[in-house]
Amino acid sequence: MAAIEIRNLVKSFGPVKAVDGVSFSVEAGSVTGYLGPNGAGKTTTLRCLLGLVTPDSGEALVNGERYVALSDPAAEVGAVLEATSFHPGRTARNHLRILCTAAGLPDTRADEALEQVGLADAAGKRVGGFSLGMRQRLALASALLGRPRVYILDEPANGLDPAGIEWLRGFLRHLAHDQGAAVLVSSHVLAEVERTVDDVVIIAKGHLVRQGSLAELTSDGADAVRVRAAQAADLVPALEAAGGAVERVEDGLLRVRGLDPEAVGRIALERRVALTEVAQERSGLHKVFLDLTEGR
Ligand SMILES: Nc1ncnc2c1ncn2[C@@H]1O[C@H](COP(=O)(O)OP(=O)(O)OP(=O)(O)O)[C@@H](O)[C@H]1O
């Protein structure tokens, strides 16, 4: 049984099909990035998983159950949703203690969770004065309270500075790889999660576009360099001698695998061939995501 399972999920809001037949699963011990442009349907999917939205059809299951059927939700799944609201007058510690009480957890979990997210020093401060990044950490602390093994995080990197994003990366990987948790993390910025995730699910306009492992996403080996030159044919022997696999796309246009643009440029210079174009072509999931998000 997968820790998180989405099966043929469909949800419309009036005429808008927010999620239209999406299926994927997340296993324990791995971080899955749920990626897509703004409005793709990511938040709706996650809200279905957390029982906040009722699907029109299909299923969104945590540990094989619908969220509403979980007997002790705080101990099974931790969530960070977009735009979590906090009472501004409450301290971080009190905010978490209230959640502990509601979930039947000891108060001591509040300080432990604050420590885990690096907010121990701010435990007694009012949340109203917190930066967006601190609020994100506090939201994450609330997800940790019941020590669940499944995490559903909607854009958790929002508002974090580069150091915060680096910290979050290490933290999510630790949860999954060292503690065996299943982590599903949404983002509309590929670069944010690229070094965090093991697997990737990409959606756009409510449809699943691609899913695969990170290895497939970043399969540099399959990336190619586009080379355009009037005398492109003169370059072929030298490119091949340097280890490139050359495809002749059309007269004056080559696609070279196994060499980077810099190496191609150096060879062209040595051969005195004037290039009119030299560009990295992305393949696989990387290209799919860029095609979906470019210009947005
Ligand atoms: N409660 C709602 N009422 C009406 N339309 C909604 C509602 N929630 C979502 N939508 C619409 O459903 C579509 C998918 O939205 P969703 O928030 O799931 O996308 P997303 O991928 O999370 O986007 P973002 O990255 O901007 O958060 C959008 O067109 C959105 O406007």
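**Ligand shell, helix H1 and the six-stranded sheet**

Q: What makes a residue part of the surroundings of the ligand, and which residues are these?
A: The residues around the ligand are Phe-13, Val-16, Ala-18, Gly-36, Asn-38, Gly-39, Ala-40, Gly-41, Lys-42, Thr-43, Thr-44 and His-188; each counts as near because its C-beta atom, placed from the backbone, lies within 6 Å of the molecule. This is a predicted model, in which local features need pLDDT of at least 70, side-chain atom pairs count only at pLDDT 80 or more, and totals for chains, interfaces and linings use all residues. Residues are numbered from 1 along each chain as its sequence is written.

Q: How is the shell around the ligand divided into nonpolar, polar and charged residues?
A: The shell holds four nonpolar, seven polar and one charged residue. Here Ala, Val, Leu, Ile, Met, Phe, Trp, Tyr, Cys and Pro count as nonpolar, Asp, Glu, Lys and Arg as charged, and the others, Gly among them, as polar.

Q: Which element gives the most to the shell around the ligand?
A: Helix H1 does, with three residues; strand S2 (16-26) also supplies at least two. Helices (H or I, at least four residues) and strands (E, at least two) are DSSP runs, numbered from the N terminus.

Q: Why is H1 described as largely enclosed by the rest of the structure?
A: Eight of the eight residues of H1 are buried, so the helix is largely enclosed. A residue is buried if 20 or more other C-beta atoms lie within 10 Å of its own, these atoms being placed from the backbone. Among the residues of H1 that meet this cut-off are Lys-42, Arg-47 and Leu-49.

Q: What makes S5 and S9 the edges of the open sheet?
A: The six strands have the order S5-S6-S7-S3-S8-S9, with mixed pairing. Strands S5 (77-80) and S9 (207-213) each have a single partner strand, so one side of each is left without a neighbour in the sheet. Two strands pair if DSSP finds at least two bridges between them.

Q: How do you know that S8 and S9 are paired?
A: Six bridges join S8 (residues 199-204) to S9, and since at least two are required, the pair qualifies. The two strands run antiparallel, and Ala-204 has His-207 as its bridge partner in S9.

Q: Which strands does H1 touch as it packs on the sheet?
A: Helix H1 (residues 42-49) touches S3 (31-35), S6 (150-154), S7 (182-187) and S8, a contact being two C-beta atoms, placed from the backbone, within 7 Å.

How values were computed
Axes are lines fitted to C-alpha atoms, for helices over the stretch in contact, and angles run from 0 to 180 degrees between N-to-C directions. A residue is buried if 20 or more other C-beta atoms lie within 10 Å of its own, exposed if 12 or fewer, and partly exposed in between; C-beta atoms are placed from the backbone.
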